[in-house]
Amino acid sequence: MARIHLYVAAACAVVLALAAPTLAGDPDMLQDVCVADYASPIKINGFPCKANISADDFFFPGLRNPGNTNNPAGSVVTAANVEKFPGVNTLGVSIARIDYAPGGQNPPHTHPRATEIIFVLEGTLEVGFITTANKLFTKIVNKGDVFVFPRGLVHFQQNRGHGPAAVVAAFNSQLQGTQAIAMTLFGATPPVSSDILAKAFRIDNGEVDAIKAKFAPK
């Protein structure tokens, strides 16, 4: 019986190993490197490969310093994804720095193409995500802590400390995609009909229009 259990466990491990590439955030790469060629007129799922590359293509200094959090959310995301960091093209990874003013928030949002894992550089944050069964998982995290947000689920971070906070966020996609819930619904172009949002949120059209005004392009 023990041997049967061992065979079953081994078979499950093989199945998971074979399935892993299909579960990845991005497709597997077919060559060592493929630095993004932003100048190419060719449009593909990702970016074409640049012919002449150097070590600078695999280097990004943009996360060294805190970002400017002087905005309504009180937070800023500085991304090192394929749109700014050509060396990660086809590698299936990207990274970001998120800075928060006291009380600042990275509003509820989703990443349709990636799981996100954060490492707290400084400060105290309330973080959490909501499952498709509407169950909230939330935690207070501090400097040195790690928290993970499953792919595609609504999640958030809010600074609960008295000073600034910052995290490094990593993704298993070169371009994770981000949909901020409030901005997506109330700041879409062209706008979502007010009566649709009014019915969804069980408020009246005037309240919807007032919220839309807060998310209108500046």
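1. Have a look at proline 190, which sits in the loop between α2 and α3 (194–201). Helices (H or I, at least four residues) and strands (E, at least two) are DSSP runs, numbered from the N terminus. The peptide bond leading from threonine 189 into proline 190 is cis, and its omega is near -10°. That's worth a second glance, because most peptide bonds are trans.

2. A quick word on what you're looking at. This is a predicted model, in which local features need pLDDT of at least 70 and side-chain atom pairs count only at pLDDT 80 or more, while totals for chains, interfaces and linings use all residues. Residues are numbered from 1 along each chain as its sequence is written, and side-chain values use heavy atoms, with hydrogens and water left out.

3. Two more backbone spots deserve a look. Asparagine 134 has a positive phi of about 65° without being a glycine, and arginine 202 has one of about 60°, again without being a glycine. Most residues other than glycine have a negative phi. You'll find asparagine 134 in the loop between β5 (124–130) and β6 (136–142), and arginine 202 in the loop between α3 and α4 (205–214). Asparagine 134 is exposed, at 68% relative accessible area, and arginine 202 is exposed too, at 78%. (Buried is under 20%, exposed over 50% and partly exposed in between, using a 1.4 Å probe and protein chains only.)

4. Now for the largest pocket, whose volume is about 720 Å³. A pocket is an open set of points on a 1 Å grid over the protein atoms alone, where a 1.4 Å probe fits, with protein on both sides within 12 Å along at least five of seven lines; lining residues have an atom within 4 Å of a point. Volume is the space filled by probe spheres set on the points, which are joined across faces, edges and corners.

5. Who lines the largest pocket? There are 29 lining residues, and Ala73, Asn106, Pro107, Ala180 and Met183 lie nearest the centre. β1 (75–80), β3 (105–110), β10 (179–180) and α2 (181–186) each put in at least two residues, with β3 giving the largest share, five. By class, the lining has 15 nonpolar, 10 polar and four charged residues. (Nonpolar is Ala, Val, Leu, Ile, Met, Phe, Trp, Tyr, Cys and Pro; charged is Asp, Glu, Lys and Arg; the others, Gly among them, are polar.)

6. Where does the largest pocket lie? Domain 1 (22–176) and domain 2 (177–217) both contribute lining residues, so the pocket lies between them. The domain bounds come from an automatic or database assignment.

7. Next, the annotations. In an unreviewed entry, UniProt lists His109, His111, Glu116 and His155 under "binding site". These residues span 47 positions in sequence, yet no two of their C-alpha atoms are more than 11.7 Å apart, so they gather at one spot. Three of them, His109, His111 and Glu116, are in the lining of the largest pocket. UniProt annotations may be inferred rather than shown by experiment.

8. Zoom in on two of those residues. Histidine 109 lies in strand β3 and is buried, at 3%; glutamate 116 is in β4 (residues 116–122) and is buried as well, at 1%. Contact means heavy atoms within 4.5 Å. Outside its neighbours within four places in sequence, histidine 109 contacts residues including Glu116, His155, Gln179 and Ala180. With the same neighbours left out, the contacts of glutamate 116 include His109, His111, Phe149 and His155.

9. A second "binding site" listing in UniProt (unreviewed entry) names Asn106, His111 and Glu116. The lining of the largest pocket takes in Asn106, His111 and Glu116 from this set. Asparagine 106 is part of strand β3 and counts as buried, at 9%. Neighbours within four places aside, its contacts are Ser75, Val77, Ile98, Tyr100, Phe156 and Gln157.

10. Don't skip proline 112, in the loop between β3 and β4. Is proline 112 buried or exposed? At 40%, it counts as partly exposed. Its C-alpha atom is 8.0 Å from that of glutamine 179, although the two are 67 residues apart along the chain. Proline 112 also touches Arg151, Gln176, Gly177 and Thr178, not counting residues up to four places away.

11. Finally, the second largest pocket has a volume of about 470 Å³. It has 20 lining residues, with Pro27, Asn45, Gly46, Thr90 and Gln174 nearest the centre. Its lining splits into nine nonpolar, eight polar and three charged residues.
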